[in-house]
Amino acid sequence: MISGRVRGLSPYRTETTPCKVKLSSNELPVKFPEEVKRKIGEAVSSIPFNRYPDPKAQELREIIAERFGVSPENIVLGNGSDELIQYLSVSVGELKEGVVYPVPTFPMYGICASTLGREKFEVPLQEDFDLDLQGFLKVIREKRPALAFFSYPNNPTGNCFDEEKIKKIRNEGVFTVLDEAYYSFSGKTFLADAVQREDTVVLRTLSKVGLAGLRVGILIAEEEVAKELNKVRLPFNITYPSQVIAKLMLTEFYHVIEEHVKMVIEERERLMAELCKMDGVKVYPSHANFFLFKTPYPAGLVHGELIKEGVLVRDVSHLPGLEGCLRVTVGFPEENDAFLFALQKVLRRL
Ligand code: PMP
């Protein structure tokens, strides 16, 4: 029989409404050149599909390690960083010890804790979306959670938390995960700590650099920590096509990723500046490839009206502290223009 623990869960929700302009899932807008598609096609067609892939994904780990300036022994790969969040939730501390994280944040930290029956301690963010240090210290001293998650930058608020606050929280003896899924857009990292310290790991992903469909998440940890975490990894968790395509994209075609990331950072600044000019629209600072904004109207209404105009953003107004807020992902210049045009139209209509 299915346990009450599992029956009590709700499945991960994502926005799937079909729309011409999809700016709802923090993906990278990429136009893959024909040469890239052709090479990928050739590489995939020569995969021996009857064979299991390399269980260690050794070549891919070597390529990633070189890019990050770490050793392959510092790296554990996951079927998306989602899977790595699960591995950490299974492995760090005892299951009777809790997990702490700020809210609102990426929901998988809470979902993985609940799946395992671990106690969750959710500390609301301050009004400026930074960490409530005193709130964290109180929870940690009273409840002694074993594991803390920080999305850095935070999804859905877009900001990077104060580094010093994170270090003070870590000093209390809690194993600290820096989920740097949006690192390419922030440039801020705890990577140096992750390779040296036994209480810190960093998560990265290929999902936000144009390869979400491959499902490749990257965990960087001190070698002994990585060795232990590797014991809970499912044997063939990175599929053959994912290994082959990721290797190609991170070597021969890395410049394609870099160019698109650069475009998104530039577009983020332009889009935010344009939105700020709109009457009654409030825009929140961001180090990611998405940001929050607020209009004078109910978020659900604006969300629905934008869909009618063919633009899909994420309604996050149900989350604590985010009343009235919508989250928009930065897209191609023409998609961003379509969003600006649609929003202007909607605001005039309401
Ligand atoms: N962490 C954060 C903060 C995210 O926003 C996301 C995706 N929305 C993930 C992890 C999951 O990434 P992946 O596709 O690698 O599982």
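This report covers the ligand site, one sheet and some unusual backbone spots of the structure.

The model is predicted: local features need pLDDT of at least 70, side-chain atom pairs count only at pLDDT 80 or more, and totals for chains, interfaces and linings use all residues. Numbering starts from 1 along each chain as its sequence is written, and side-chain values use heavy atoms, without hydrogens and water.

**The ligand site**

The ligand is surrounded by 14 residues, and the closest are Ser81, Asp179, Thr205, Ser207 and Arg215. A residue counts as near when one of its heavy atoms lies within 4 Å of the molecule. The shell holds four nonpolar, six polar and four charged residues. Here Ala, Val, Leu, Ile, Met, Phe, Trp, Tyr, Cys and Pro are nonpolar, Asp, Glu, Lys and Arg are charged, and the others, Gly among them, are polar. Helix 4 (residues 80-91) gives the most to this shell, with three residues. Helices (H or I, at least four residues) and strands (E, at least two) are DSSP runs, numbered from the N terminus.

Three side chains place a polar atom by an oxygen atom of the ligand, as the table shows. A polar contact is a pair of N or O atoms within 3.5 Å; within protein, one must be able to donate a hydrogen and the other to accept it, and residues adjacent in sequence count only if both atoms are side-chain atoms.

| Residue | Distance to a ligand oxygen atom |
|---|---|
| Asparagine 155 | 2.8 Å |
| Threonine 205 | 2.6 Å |
| Serine 207 | 2.6 Å |

Taken alone, the ligand exposes 400 Å², and the protein buries 93% of that. Such areas come from the Shrake-Rupley method with a 1.4 Å probe; for residues, only the protein chains shown count as cover.

**The sheet**

Four strands form an open, antiparallel sheet in the order 9-10-13-12. Strand 9 (282-283) and strand 12 (314-315) are at the edges with a single partner strand each, so one side of each has no neighbour in the sheet. Two strands pair if DSSP finds at least two bridges between them. Strands 9 and 10 (residues 290-294) pair over two bridges. Lysine 282 has lysine 294 in strand 10 as its bridge partner.

**Backbone spots**

Asparagine 155 returns here. Its peptide bond to proline 156 is cis, with omega near 20°. The bond from tyrosine 152 to proline 153 is also cis, with omega near 5°. Proline 153 lies in the loop between strand 5 (147-151) and helix 7 (163-170). Proline 156 lies between strand 5 and helix 7 too.

Alanine 57 is not a glycine, yet has a positive phi of about 45°. Alanine 57 is in the loop between helix 2 (34-45) and helix 3 (58-68).
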